[in-house]
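Dear colleague,

I am passing on to you the structure we spoke about, with its sequence, and below it you will find notes on what turned up when I went through it. Please read them with the model open beside you.

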Protein chains: 2
Amino acid sequence: MRLRQINIATSYQEVFQQLESAILKGSIKIGETIPTEAELCRIFGVKRSSVREGIRLLEQSGLVARGAGRRLIATAPATDRTSENFIRSATLNAVTLRELWRVERELEALACRLACEVARSEHLDRLAANIKETRRSAGDPKATTRLDMEFHRLLSQATGNRALTIARDPLGILLYASTDFLIARLDQSTGRLITAHENILAAIRAKDVDLAVLWMTRHMDDFKRGCTMSGADFDQPISDFVDHETLAALIRAQPETSLP
Amino acid sequence: MRLRQINIATSYQEVFQQLESAILKGSIKIGETIPTEAELCRIFGVKRSSVREGIRLLEQSGLVARGAGRRLIATAPATDRTSENFIRSATLNAVTLRELWRVERELEALACRLACEVARSEHLDRLAANIKETRRSAGDPKATTRLDMEFHRLLSQATGNRALTIARDPLGILLYASTDFLIARLDQSTGRLITAHENILAAIRAKDVDLAVLWMTRHMDDFKRGCTMSGADFDQPISDFVDHETLAALIRAQPETSLP
DNA sequence: GAATGCCGTTTGTCAGACAATGTGACAAAT
DNA sequence: ATTTGTCACATTGTCTGACAAACGGCATTC
């Protein structure tokens, strides 16, 4: 005889699960409004407090957001939700800069390979514009760092691979936030950074996979060297490099990466 | 004169943010109990409904969970929270099997490289045990598929790189769930699967990076061939291969990957 | 036609209550 | 001595009812 764990869901969890299913399977389409709280009370046969608590769970999952008025509309969770979670998880598990960097290095290389394959000109133009702006930002390390992060984000979008974008985004944000702390690093190396970006873009334009990956790898190794040279211990947990307030601000400041 | 966007947080959001900060910066340590709702009411000066709605946000973030009794304790969000989010995002953005597979292929290769570097014998033994069990599972495709997923999860843990584990886990779950649907595929190829796993493990034991990556790449390409041969269109969104109920069950069934 | 003010609707919050469930201690039974 | 029954207590889950603030939409005004 096999008996199983008893697991009774509370009312508010039931509210969450039913609405979540409805959104994920498309009964409620993205952009549609969710019924009002009063209506949900009628539908589910529970009181407003339970409905509201269930809605909070949806809210934190990124499945609903307040649209025009205060009505809730169904939304597809963008990369920033996954980023939030990744960042919380990485922070509390004391993930080190080295671990983060190693994975990011590989994903950036993959981004280069994929970009060479699909590379639409509109995406490449955006990258070119980013480089141009980066050159103008010389002398403003904070802006340079931000544009660097933006370059890599644009590159991942240029691949058209949304799994890559979703997976890479949080890593990019965390690395950026950590090095923002070590900003002195950049003063010396803005030149090298621009050179690397330019060469990467040129290689992608030429569809030269190996060259693009080579330059990207150099770029990432430069990044590491810069960190260690400015005294950072690559084996310290990221929470030593960046406080949570900064991270929270960063997450919310993301330009809501669109996944076409 | 520079005026900025006004952004007033509601009471329950404020409750969430303050508790989130406290946990992330360690004022409330992982494993500690959160004050009772009544106490939080006193502390924050708001009513229970607001406190409770704030707690729901924490709950969905994976920052708290019900411990012994019904008291809430602070928890470090494990990989399954990030997985949930990734999966919702990937599903609703209609990410295709191809996109997913391409990224997973790269991360698995990285896992091989890192495993060759650090490879502690206890982890390798676990992989060996998994292969042994896989061999016993011949004839039970469902079990084989599950053990295959488990192999890759164990491998990523063997790298000691928690950023990799957190990033890879959701991809593994999604790919597994999608192919569970195409289970016939496996009947023909369990042999090849075991051979691949064995060769990967042997190469890692011998610290032969190139060989390990080579076998892993073959293994992943086999996977793709198996999918297409059993009639799957690799360019269809994953939601065509797996319904949400299955995914939700999978997420909850995860053995709560520990990040040491 | 665009700006303004009013009104119904919906949400955010409060106030208070009760039942269900879990804890801990202690007595009773095996 | 270990297990079981019982009880008081703490805490959570849910309900009831209410009100102010904020918003959309509509009629009004210039």
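The surface near DNA strand C draws on both chains: α3 (48-61) of chain A, together with α1 (11-24) and α3 (48-61) of chain B, each supply at least two of its residues. Please keep in mind throughout that this is a predicted model. In total, 18 residues surround DNA strand C, and the closest of them are R48(A) and R52(A) from one chain and S11(B), K47(B) and R70(B) from the other. Of the atoms of DNA strand C that come within 4 Å of the protein, 71% belong to sugar and phosphate. Sorted by class, the residues of this surface are 10 charged, six polar and two nonpolar.

Some individual approaches to the phosphates can be named. On chain A, a polar side-chain atom of R52(A) lies 3.0 Å from a phosphate oxygen of DNA strand C, and for R56(A) the corresponding distance to a phosphate oxygen of that strand is 3.1 Å. Chain B takes part as well, with a polar side-chain atom of S50(B) placed 3.2 Å from a phosphate oxygen of DNA strand C.

How are the two protein chains arranged? A turn of 180°, with a shift of 0.0 Å along the axis, lays chain B on chain A with an RMSD of 0.2 Å. The two copies are therefore related as by a two-fold rotation axis. Moreover, 100% of the interface residues of chain B are also interface residues in chain A, so the copies meet through the same surface.

As for the fold of a single copy, chain A has 11 helices and two strands, and along its sequence these follow the pattern α-α-α-β-β-α-α-α-α-α-α-α-α. Taken along the principal axes, the C-alpha atoms of chain A fill a box of roughly 65 × 45 × 40 Å.

Finally, there is the largest pocket, which has a volume of about 1500 Å³. It is lined by 38 residues, and those closest to its centre are N7(A), Q13(A), E59(B), R66(B) and R81(B). The elements that each supply at least two residues of this lining are α1 (11-24) of chain A and, from chain B, α3, β1 (64-66), α4 (79-92) and α11 (244-253). By class, the lining of the largest pocket divides into 15 nonpolar, 14 charged and nine polar residues.

With best wishes

Definitions and conventions:
Residues are numbered from 1 along each chain as its sequence is written. Chains are lettered from A and ligands numbered from 1 in the order in which they are written. This is a predicted model: local features need pLDDT of at least 70, side-chain atom pairs count only at pLDDT 80 or more; totals for chains, interfaces and linings use all residues. Side-chain values use heavy atoms; hydrogens and water are left out. A residue is near a molecule or strand if one of its heavy atoms lies within 4 Å of it. A polar contact is a pair of N or O atoms within 3.5 Å; within protein, one must be able to donate a hydrogen and the other to accept it, and residues adjacent in sequence count only if both atoms are side-chain atoms. Helices (H or I, at least four residues) and strands (E, at least two) are DSSP runs, numbered from the N terminus. Ala, Val, Leu, Ile, Met, Phe, Trp, Tyr, Cys and Pro count as nonpolar, Asp, Glu, Lys and Arg as charged, and the others, Gly among them, as polar. Copies are superposed by least squares on the C-alpha atoms of residues with pLDDT of at least 70 in both. Contact means heavy atoms within 4.5 Å. On a 1 Å grid over the protein atoms alone, a cavity is a set of points where a 1.4 Å probe fits but cannot get out, and a pocket is an open set with protein on both sides within 12 Å along at least five of seven lines; lining residues have an atom within 4 Å of a point. Grid points are joined across faces, edges and corners, and a volume is the space filled by probe spheres set on the points.
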